[in-house]
Amino acid sequence: MPAIGCCSCLRNVSMAFAIARFQMALLLKILLFWSVFKASEGYHGDLKYSFMRPATSLAHTPLNRTYDYIIVGGGTAGCPLAATLSRNFSVLLLERGGSPYGDLNVSRMENFHICLTNTVPRAPAEVFVSTDGVINSRARVLGGGSSINAGFYTRASPNYVKRAGWDGALVNESYPWIERQIVYQPKLAPWQAAVRDGLLEAGVSPFNGFTFDHVFGTKVGGTIFDRRGFRHTAADLLQSADPENVEVIIRATVQKVLFRSHIAGKKKKPRAVGVIFRDEEGREYKVQAKGEVIVTAGAIGSPQLLMLSGIGPERELKKWKIPVVLKQEQVGQGMSDNPMNAIYIPTKKPVVQSLIQTVGITKLGSFVEASSGFGGTENSIHCHHGILSAEIGQLSTIPPKKRSLDAIEEYRRNKRDFPKETFMGGFLLEKIVGPLSKGHLSLNGTDVDKLPAVTFNYFQHPRDLQRCVNGIRTIERIVKSKRFADFTQDNEYTMQRILNMSVKANINFIPKNTNDTTSLEQFCRDTVLTIWHYHGGCQMNKVVDKNYRVMGVEGLRVVDGSTFHSSPGTNPQATVMMLGRYVGVKMLRDRLGGSAGV
């Protein structure tokens with residue numbers, strides 16, 4: 001009996017150790033999961049700015065002061081501008097979207113496409129379709145476009161800086177302020193290395209190495225994704241703000257800018273004195289500015305808000321019975337979007353996921369970039385993705401009277417037969433400089449939540465179309481390069497077949513002449529997409545002056561991509577962030593001189 005008892009004790013001890021090991025393993029897994037979850041918020045861990053809160057909190061704890069500056073839009077320009085001005089003055093930053101922190105679809109590079117295709121009401125990316133029929137996205141999150149884009153970082157060229165009338169020395173101070181905080185050198189993915197070598201073999205030279213500068217040839221640019229694949233956004237720049245001088249209110253949708261009459265010289269001028277905004281439960285709040293209201297709501301939001309506030313084309317304001325504060329015919333004009341055409345390159349085997357790292361800057365008016373690795377599963381390729389699905393885009397190839405749910409279902413069945421090589425390859429992207437084609441923006445109603453109607457007139461200007469053709473021909477030379485032989489299907493796919501495959505797979509609502517490519521010009525028109533670089537609507541010297549003050553009123557500025565006449569560099573985010581810092585520093589120096597401390 002005693003022996004049996006001892007064996008029983010040993011078994012119990014062994015079981016206890018086994019349970020302890022299981023518990024320890026489980027604890028380690030939980031800790032590992034927690035660390036990964038926390039890391040998903042970036043290097044700032046569980047950062048919740050002490051000065052950031054949702055608009056609904058104002059019902060219980062209202063704003064209790066008047067601010068020197070009210071900034072409307074916590075986006076790519078608004079965040080660095082708020083951080084800079086707060087060093088010396090009180091700032092209220094109002095953002096209609098939520099926080100990017102803790103959202104894995106924002107933070108993780110591998111979830112880039114998921115973020116853009118998320119169409120729930122409060123998603124960080126708000127989908128819209130231009131009147132041209134191209135599906136586009138508008139940021140609805142703190143950090144703006146830097147929270148939902150492909151992360152590529154490159155400066156504007158010296159010529160662009162000169163044309164914009166900027167102070168070159170201050171520009172060269174402002175870019176590094178951004179770069180020190182959120183920009184990284186990427187670890188070059190295999191697909192990106194192949195594109196680099198293919199570009200050089202195609203004659204897009206010299207190789208300029210890793211650089212932020214915009215120079216002709218082939219280069220590797222910066223990225224706001226760190227080596228772990230975590231995104232760092234313009235919202236991170238708020239870490240440089242004075243927490244005692246700034247308040248950030250998220251989910252706060254500004255309805256209009258408030259004005260009162262102001263004597264300027266011998267004339268009465270409207271002066272911006274505050275804003276009305278709404279929380280997500282519909283409660284309205286009014287807040288006043290001692291100094292200025294600065295609109296940084298982007299190329300869609302800024303011209304829309306000016307019109308809703310009574311500044312815009314007289315006919316447009318009267319149409320919606322908006323009281324006229326200032327007749328300004330140029331608000332909403334000069335809208336442009338750099339058209340992109342994507343060519344799918346089937347590969348022998350799946351390639352590592354990468355976003356934009358390598359770029360070819362040609363002298364023919366086009367840029368060539370690349371991405372690789374479909375982020376979804378093989379099953380998701382054949383799923384219905386709502387408005388962003390190929391099923392919907394395919395309707396544009398069918399005469400209007402024959403468009404039906406049955407037609408969508410037929411395409412869905414046929415999509416199952418798409419060769420899997422189509423979806424496991426990489427992409428070569430062609431984007432044109434400028435562009436020269438211009439469009440316009442108009443209201444769809446007096447509710448700020450109702451997206452305005454935007455027309456970009458892609459390829460209306462013949463030089464834009466020629467630039468696209470030049471870019472496609474450059475891509476053809478890349479595909480034929482020796483370096484690409486390591487990836488592609490050993491000449492199984494001819495360039496003509498690749499182009500035809502792209503015509504079928506591209507998603508837009510533009511009526512197609514055919515599913516086969518008859519000319520490169522037609523391919524450009526049929527397969528046009530956006531790379532989210534739209535701009536204009538409040539252009540410099542038309543709506544704002546060189547200091548970004550809205551002409552004809554006092555106390556109001558617009559500081560964002562809506563002021564651009566053309567897109568800077570190969571990706572505008574670096575320059576939009578720089579602009580926020582640049583204008584902030586300039587305002588402080590103009591107001592305080594040497595005591596500004598910046």
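Where does Lys348 lie? Select Lys348 in this predicted model: the residue is in the loop that connects β17 and β18. Lys348 has a relative accessible area of 40% and therefore counts as partly exposed. Now add Asp486 to the selection. The two residues are separated by 138 positions in sequence, yet their C-alpha atoms are 8.3 Å apart in space.

**Confidence along the chain**

Before proceeding, colour the chain by pLDDT. The mean for the protein chain is 85, and 80% of its residues reach 70 or more. Residues 1–47 have a pLDDT below 50, and this stretch makes 23 contacts in the model beyond near neighbours in sequence. Residues 375–400 also fall below 50, with 59 contacts counted in that way. Where pLDDT is low, predicted coordinates should not be read in detail.

**The seven-stranded sheet**

Next, display the open sheet of 7 strands, whose order is β7-β8-β18-β19-β20-β17-β23 and whose pairing is mixed. Its edges are formed by β7 (207–210) and β23 (529–530), each of which pairs on one side only. Helix α7, residues 190–201, packs on this sheet and touches β7, β8, β17 (339–345), β18 (358–361), β19 (366–372) and β20 (426–432). The direction of α7 makes about 150° with that of β19. Then select helix α13, residues 462–479, which lies across β17, β19 and β20 and runs at about 150° to β20.

Start at the β7 edge and move inward. Strand β7 is joined to β8 (residues 217–220) by 2 bridges, and the two run parallel. Within this pair, Phe207 has Thr218 of β8 as its bridge partner. The step from β8 to β18 is antiparallel and comprises 4 bridges; here Lys219 stands opposite Val359 of β18.

Pause at β18. Are its faces covered or open? Both are covered: Thr358 and Gly360 are buried on one side, and Val359 and Ile361 are buried on the other. The next neighbour, β19, runs antiparallel to β18 and is joined to it by 3 bridges, with Gly360 opposite Val368. These two strands form a hairpin with 4 residues between them. Select Gly365 in the turn to find a positive phi of about 85°.

**Helix α6**

Leave the sheet and select residues 168–182, helix α6. At 1.5 Å a residue, its 15 residues should span 21 Å; the end C-alpha atoms are 22 Å apart, so the model agrees with that expectation. At the N-terminal end, Asp167 acts as a cap, with a side-chain oxygen 3.0 Å from the backbone nitrogen of Ala169.

Show the side chains along the helix. The buried residues are Leu170, Val171, Ser174, Tyr175, Trp177, Ile178, Glu179, Gln181 and Ile182. Against which elements do the buried residues of α6 pack? Their partners are α2 (78–85), β6 (152–153), α5 (158–164), β9 (222–223) and α16 (573–592).

**Ser566**

For the last stop, select Ser566, in the loop that links β24 (556–558) to α16. Why does Ser566 count as buried? Its relative accessibility is 19%, and the cut-off for a buried residue is under 20%. Residues up to four places away in sequence aside, Ser566 touches Tyr160, Gly434 and His535.

Conventions. Residues numbered from 1 in each chain as written. Heavy atoms only, no water. Pairing = 2+ DSSP bridges. Contact = heavy atoms within 4.5 Å. Axes fitted to C-alpha atoms, helices over the stretch in contact; angles between N-to-C directions. pLDDT = per-residue confidence, 0-100. Expected span 1.5 Å × (residues − 1). Buried < 20%, exposed > 50% of the residue type's maximum accessible area, 1.4 Å probe, protein only. Polar contact = N/O pair within 3.5 Å; in protein donor to acceptor, adjacent residues only side chain to side chain.
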